[in-house]
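Let's take a walk through this model, starting with the broad outline and then stopping at a few spots along the way. Keep the viewer open as you read.

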There are 2 protein chains.
Amino acid sequence: RKVSRYLQWAQSSGTGPLDCRRTLCFGSLGAWAGEAELCKESDEVVLRTKDADDLRFPFVWLRDNCQCSACFHQDSQSRTIDLESFDINSKPKLVKVVGNKIHITWLDGHISDYDFEWLKERSFQSHSQESWLTSMYRLPRKTWTAQSFNKILTRYKFSDVLKSDAVLYNWLVSLATYGVSIVEDAPAESTTVRQLAERVAFIRRTHYGEEFSVRAKPGTTNVAYLSANLQLHTDLPYYNYKPGVNLLHCLVQTESDGGSNLLTDSLAVADWLKTDFNSSYQALTQTVVDWNDIGQEDGNYFHSIHRAPVICEDRFGEIERINFSQPQRDSHFNVPLDKVKLWYKAMDKFTKAIMSNDYCVTYKMAEGEILTFDNIRLVHGRKKYDDSGNSIRHVIGGYLDWDEIWSRIRVLKNV
Amino acid sequence: RKVSRYLQWAQSSGTGPLDCRRTLCFGSLGAWAGEAELCKESDEVVLRTKDADDLRFPFVWLRDNCQCSACFHQDSQSRTIDLESFDINSKPKLVKVVGNKIHITWLDGHISDYDFEWLKERSFQSHSQESWLTSMYRLPRKTWTAQSFNKILTRYKFSDVLKSDAVLYNWLVSLATYGVSIVEDAPAESTTVRQLAERVAFIRRTHYGEEFSVRAKPGTTNVAYLSANLQLHTDLPYYNYKPGVNLLHCLVQTESDGGSNLLTDSLAVADWLKTDFNSSYQALTQTVVDWNDIGQEDGNYFHSIHRAPVICEDRFGEIERINFSQPQRDSHFNVPLDKVKLWYKAMDKFTKAIMSNDYCVTYKMAEGEILTFDNIRLVHGRKKYDDSGNSIRHVIGGYLDWDEIWSRIRVLKNV
């Protein structure tokens with residue numbers, strides 16, 4: 001997937017020559033062997049090095065990011081510059097290189113020092129920004145199909161995830177990259193999902209509570225708690241803040257033929273749709289669908305509604321979320337009449353591909369396995385099964401949100 | 001604010017005449033005194049009534065929303081139609097009116113019955129959709145300025161919110177409409193915020209935990225825990241799932257002059273900017289800013305990043321979120337060089353208005369008050385203060401998410 005999409009106007013970014021009037025220049029052979037220059041036409045400090053392109057930093061950005069103790073609170077890693085007195089027209093009087101530092105004296109007498117490496121990491125060159133974002137913000141995703149599923153599926157031992165930061169990191173990176181991974185050899189206890197979630201951060205609570213127990217229940221207000229087929233879906237599309245990752249811990253698997261899980265990487269299907277049936281793709285990205293859930297859990301009534309397309313793109317045209325749920329799609333469909341048939345046609349195409357053998361895999365969890373997958377990206381389902389007196393299928397689930405997972409990945413990466 | 005923005009292609013929706021071939025029509029004088037007709041050109045059922053426009057429902061939508069027990073699971077209020085066998089080309093053989101019901105026999109023999117009132121609520125007429133959405137999905141927001149603040153500020157007694165559903169509803173509607181409200185006469189206990197949150201749903205957890213205690217702390221990793229000025233900001237802009245509503249319970253107020261809260265309805269400021277300085281508005285809606293938080297809480301390390309503009313618009317051009325925080329704005333600014341100065345200029349204009357006496361109000365909480373406000377929409381701050389030995393300012397905070405608040409509003413509305 002194209003990394004440059006995370007950047008805005010990537011095409012307009014560059015380091016082409018500007019008509020710089022060299023006003024004050026203190027060349028120096030410090031450890032990074034370069035020189036600093038003020039460019040008054042462009043209001044930038046230009047750092048010239050022998051072995052790389054020039055680095056250009058606007059005066060206003062430099063002043064805004066002064067790292068002195070009056071402007072930046074080290075303990076909280078936070079900018080403390082007063083908004084009221086900040087002058088967006090601040091200009092340096094003098095810039096010089098002192099060892100690895102760029103030293104600026106501003107016209108009002110304020111002094112700022114910047115490490116060269118610190119500045120380099122914040123370069124406005126598009127390739128630097130791309131590489132920073134894909135290593136620190138979002139790792140690149142890789143799509144998979146039924147054919148490649150076995151190759152991309154990773155497995156980690158529960159006890160290893162709990163005791164090793166490296167294994168924890170690898171599991172989370174698998175989840176971020178492929179949207180699915182298995183944690184195995186987990187203890188047959190009701191607290192296992194919580195332990196795993198708390199190794200990352202904490203269980204994401206919803207109106208169904210924290211852990212949820214998936215077992216056939218009579219008189220349920222949720223179709224997941226039936227032993228019938230559970231069609232492919234994403235969980236809780238009726239939440240604006242839809243839970244990020246599903247952790248499904250298999251305590252007891254059915255002895256009958258059924259009970260397998262179904263999984264499709266709907267990102268792969270959406271990519272195919274975009275290429276081969278673009279008008280259908282457009283209908284699914286532009287038609288806003290009402291998702292809802294009406295019911296109660298332990299006496300707490302809820303009525304959730306979220307309106308969003310089946311395929312949600314972010315501002316860069318990247319797919320940021322898939323909403324898919326036959327039971328939780330509202331009968332209220334607030335679109336103009338002339339869009340209705342087009343949407344159903346597009347949805348039919350998408351749905352058939354999502355369910356096809358090309359994209360959909362069947363996986364029957366063994367007892368002690370925790371199937372973990374991205375609920376923003378994958379659709380999942382379950383084949384019907386028959387409980388017998390001795391084997392009552394029992395799965396305990398819990399959610400993690402991506403905000404917390406990304407945070408944990410970054411912390412572990414920096415260890 | 002324009003309600004029609006919540007609808008897509010509102011302009012293309014209509015009920016204009018179509019060249020309908022009347023194929024099967026069973027007029028009837030049921031309780032709603034109308035007739036049903038199949039329109040094969042448009043694949044729609046048309047309901048004609050004397051006193052209103054025709055209601056048109058596409059065949060595919062009707063089949064998809066059959067309410068019989070094979071197609072719809074009443075207990076869970078969920079569609080159960082099998083995706084695999086669903087035929088988007090389903091056609092009725094016959095439609096007739098029986099009392100208040102529209103009865104359809106499909107070509108494959110399946111039978112569907114729909115209440116007229118149920119259908120009417122799901123009309124594809126744009127005015128019906130608008131009125132349904134503004135009463136059920138999102139209530140209209142009303143902006144305020146410093147001048148109108150006292151008029152829009154509502155107060156509810158803590159004990160009334162806890163015991164009366166009507167008061168709970170009114171408080172939440174105030175929050176949704178104006179983004180701010182005060183709950184007063186609350187007990188001076190550390191569990192008060194939790195009680196209030198659990199009256200709605202549950203406290204939204206973040207990497208700072210559930211309740212947070214705002215008191216001057218030495219060596220803090222968050223600038224909120226200093227007694228210095230806390231500049232206007234939204235909380236946690238570095239979360240994709242940014243907490244929705246802030247509940248700040250004043251246990252002890254400082255006896256010194258400071259400690260007042262500052263509040264601005266940044267939706268009002270953004271509206272002004274859009275009208276009077278549109279290019280600045282565009283810069284703030286289109287330039288993606290990096291928000292971050294690096295630190296630890298009780299030994300749990302975090303490194304959060306979220307990338308989003310200061311003013312975030314939804315797909316209908318409505319403002320859905322404001323991000324504003326001097327301390328939590330990252331020094332990494334991943335935009336092309338030529339956008340940097342423009343953004344700072346626009347930000348300067350927005351910031352000065354946000355801090356101005358036209359928009360910003362000062363409110364010093366009394367002990368026992370809970371200041372509740374929309375963290376997606378308002379910015380808040382705090383004036384510096386001096387703790388004396390006997391009065392250590394102490395505020396306990398907690399968050400609620402809008403998914404849960406809207407759900408509670410809908411449930412209460414239907415009671």
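Before counting anything, a word on terms: helices here are DSSP runs of H or I with at least four residues, strands are runs of E with at least two, and both are numbered from the N terminus. One caveat too: what you're looking at is a predicted model. With that in hand, chain A comes out with 11 helices and 23 strands. Its C-alpha atoms fill a box of roughly 85 × 55 × 45 Å along the principal axes. Of the 415 residues in chain A, 60% count as buried. As for how the chain folds back on itself, take the contacts between residues at least 6 apart in sequence: 72% of them join residues at least 24 apart.

UniProt has something to say about one stretch of chain A. An unreviewed entry there lists residues 40–119 as "domain: Gamma-butyrobetaine hydroxylase-like N-terminal". In the model, that span is 12% helix and 40% strand, and its end C-alpha atoms sit 19 Å apart.

Now move along to helix 7 of chain A, residues 192–200. Which of its residues are buried? They are A:T192, A:V193, A:L196, A:A197, A:R199 and A:V200. These residues cover an arc of only 155 degrees around the axis, so they lie on the same side of helix 7 of chain A. There's a handy bit of background for that: an α-helix has 3.6 residues a turn, so residues three or four places apart point the same way.

What does helix 7 of chain A pack against? One partner is helix 6 of chain A, residues 165–178: the two axes come within 11 Å and cross at roughly 95 degrees. Angles from 65 to 115 degrees count as roughly perpendicular, and that is why helix 6 of chain A is described as roughly perpendicular to helix 7 of chain A. On the helix 6 side of chain A, the contact is made by A:D165, A:L168, A:W171 and A:L172, while helix 7 of chain A brings A:L196, A:R199 and A:V200. You've met A:L196, A:R199 and A:V200 already, among the buried residues of helix 7 of chain A. Sorted by class, the contact of helix 6 with helix 7 in chain A has 5 nonpolar residues, no polar ones and 2 charged ones.

Just ahead of helix 7, look at A:D185, in the loop that runs from strand 11 (180–184) to helix 7 of chain A. Most residues other than glycine have a negative phi. A:D185 is not a glycine, yet its phi is positive, at about 55 degrees. With a relative accessible area of 52%, A:D185 is exposed. Chain B offers another case: B:Q77, also not a glycine, has a positive phi near 50 degrees. B:Q77 belongs to the loop between strand 5 (72–73) and strand 6 (78–79) of chain B, and with a relative accessible area of 34% it is partly exposed.

For a buried spot, go to A:C250 in strand 14 (residues 245–252) of chain A. At 1% relative accessibility, A:C250 counts as buried. Which residues does A:C250 touch, leaving aside neighbours within four places in sequence? The list is A:M365, A:A366, A:E367, A:G368, A:E369, A:H394 and A:V395. A:V395 is 145 residues away from A:C250 along the chain, yet their C-alpha atoms are separated by 4.6 Å.

Next comes another helix pair in chain A. Helix 8 (residues 266–276) and helix 9 (residues 278–286) of chain A pack at about 125 degrees, with axes 5 Å apart. That angle makes helix 8 and helix 9 of chain A oblique to each other. Helix 8 of chain A contributes A:A270, A:L273, A:K274 and A:D276 to the contact, and helix 9 of chain A contributes A:N278, A:S280, A:Y281 and A:L284. By class, that contact between helix 8 and helix 9 of chain A has 4 nonpolar, 2 polar and 2 charged residues.

Finally, hop over to helix 9 of chain B (residues 278–286), where you'll find B:T285. B:T285 counts as buried at 6% relative accessibility. Setting aside neighbours within four places in sequence, B:T285 contacts B:P309, B:I311 and B:E313, along with A:R315 from chain A. B:V288 sits in the loop between helix 9 and strand 16 (289–297) of chain B, and at 1% relative accessibility B:V288 counts as buried. The C-alpha atoms of B:V288 and B:R307 are separated by 6.0 Å, with the two residues 19 apart along the chain.

Terms used:
Residues numbered from 1 in each chain as written. Chains lettered and ligands numbered in written order. Predicted model: local features only at pLDDT ≥ 70, side-chain atom pairs only at ≥ 80, totals over all residues. Heavy atoms only, no water. Axes fitted to C-alpha atoms, helices over the stretch in contact; angles between N-to-C directions. Parallel < 35°, antiparallel > 145°, perpendicular 65-115°, else oblique. Contact = heavy atoms within 4.5 Å. Nonpolar A, V, L, I, M, F, W, Y, C, P; charged D, E, K, R; others polar. Buried < 20%, exposed > 50% of the residue type's maximum accessible area, 1.4 Å probe, protein only. Arc of directions from axis to C-beta. UniProt positions renumbered as here; feature names shortened; annotations may be inferred.
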